[in-house]
Amino acid sequence: MESSFHMSLPCLSVEDTKNFYTNNIGASIGRTSENWLDINLFNHQLTFIQAEKFNFNSPNYVFEGKLLPSFHFGVIIDVEKWGELYAKLNHLNLKVVTQTTFLKDKEGEHLSFFIKDSNDYMLEFKSFKDSKDIFKI
């Protein structure tokens, strides 16, 4: 079995979270209960547990002149899937934030966009020009 990432986060509504990830992102649902659900996000497990609003008072940061959220999570996908997802979310009139190419013509060049989910978490979707650059130092 390949390694997969797992992250657990609080959510305000299990149903709203389920709808966002399945209807907008195209993720599938794993195990669920009344108070939590597992999302299969590109073969990585996100568990959302119904709880009160979680407040992150972390500041944003600037990278290559773009204001980015300091708290976010995301997935690295191939450029074709990245383009399909970007087009789909724009077609749904969802607010895509900071769509850009970072490190243009440099080691680590990648496409990136952010979108808020139904819990106000920022998701980033990246696609590297060369996958060998993902962990290069």
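This briefing covers a four-stranded sheet, the aromatic pairs and the salt bridges of the structure above. The model is predicted. Four strands make up an open sheet with mixed pairing. A whole-structure search gives nine aromatic pairs, and there are three salt bridges.

**Sheet and helix 1**

- The strand order in the open sheet is 1-4-3-2.
- Strand 1 (6-11) and strand 2 (28-32) are the edge strands. Each has a single partner strand, so one side of each lacks a neighbour in the sheet.
- From one strand to the next, the twist averages 25°.
- Strand 2 pairs with strand 3 (residues 36-41) in the antiparallel sense, over three bridges.
- Ile29 has Ile39 in strand 3 as its bridge partner.
- Helix 1 lies across strand 1, strand 2, strand 3 and strand 4. Its direction is at about 15° to strand 3.

**Aromatic rings**

- A pair of aromatic rings is described by the distance of the centres and the angle of the planes.
- Among the nine aromatic pairs is that of Tyr21 and Phe48. Their ring centres are 5.3 Å apart and their planes stand at 40°, so this pair counts as tilted.
- The pair links distant parts of the chain. Tyr21 sits in helix 1 (residues 14-25) and Phe48 in strand 4 (residues 44-50), 27 residues apart.
- Tyr21 has a relative accessible area of 0%, so this residue is buried. Phe48 is also buried, with a relative accessible area of 0%.
- Ring pairs join Phe20, Tyr21, Phe48, Phe73 and Tyr121 into a cluster.

**Salt bridges**

- Side chains of opposite charge can pair when their charged atoms come close.
- Arg31 and Asp38 form one salt bridge, with 3.0 Å between the closest N and O atoms.
- Asp38 is at 4% relative accessibility, so this residue counts as buried. Arg31, with a relative accessible area of 56%, is exposed.
- Glu109 forms a salt bridge with Lys104 (3.8 Å, N to O).
- Glu109 also meets Lys129 in a salt bridge (3.8 Å, N to O). Lys129 lies in the segment after strand 10 (122-128), and Glu109 in the loop between strand 8 (96-102) and strand 9 (110-116). The pair therefore ties together parts that are 20 residues apart in sequence.
- Glu109 is buried at 9% relative accessibility, whereas Lys129 is exposed, with a relative accessible area of 64%.
- Lys104, Glu109 and Lys129 are thus linked in a network of salt bridges.

Methods
Residues numbered from 1 in each chain as written. Predicted model: local features only at pLDDT ≥ 70, side-chain atom pairs only at ≥ 80, totals over all residues. Heavy atoms only, no water. Phe/Tyr/Trp six-rings, centres within 6.5 Å; stacked < 30°, edge-to-face > 60°. Helix = DSSP H or I, 4+ residues; strand = E, 2+ residues; numbered from the N terminus. Buried < 20%, exposed > 50% of the residue type's maximum accessible area, 1.4 Å probe, protein only. Pairing = 2+ DSSP bridges. Axes fitted to C-alpha atoms, helices over the stretch in contact; angles between N-to-C directions. Contact = heavy atoms within 4.5 Å. Salt bridge = Lys/Arg side-chain N within 4 Å of Asp/Glu carboxyl O.
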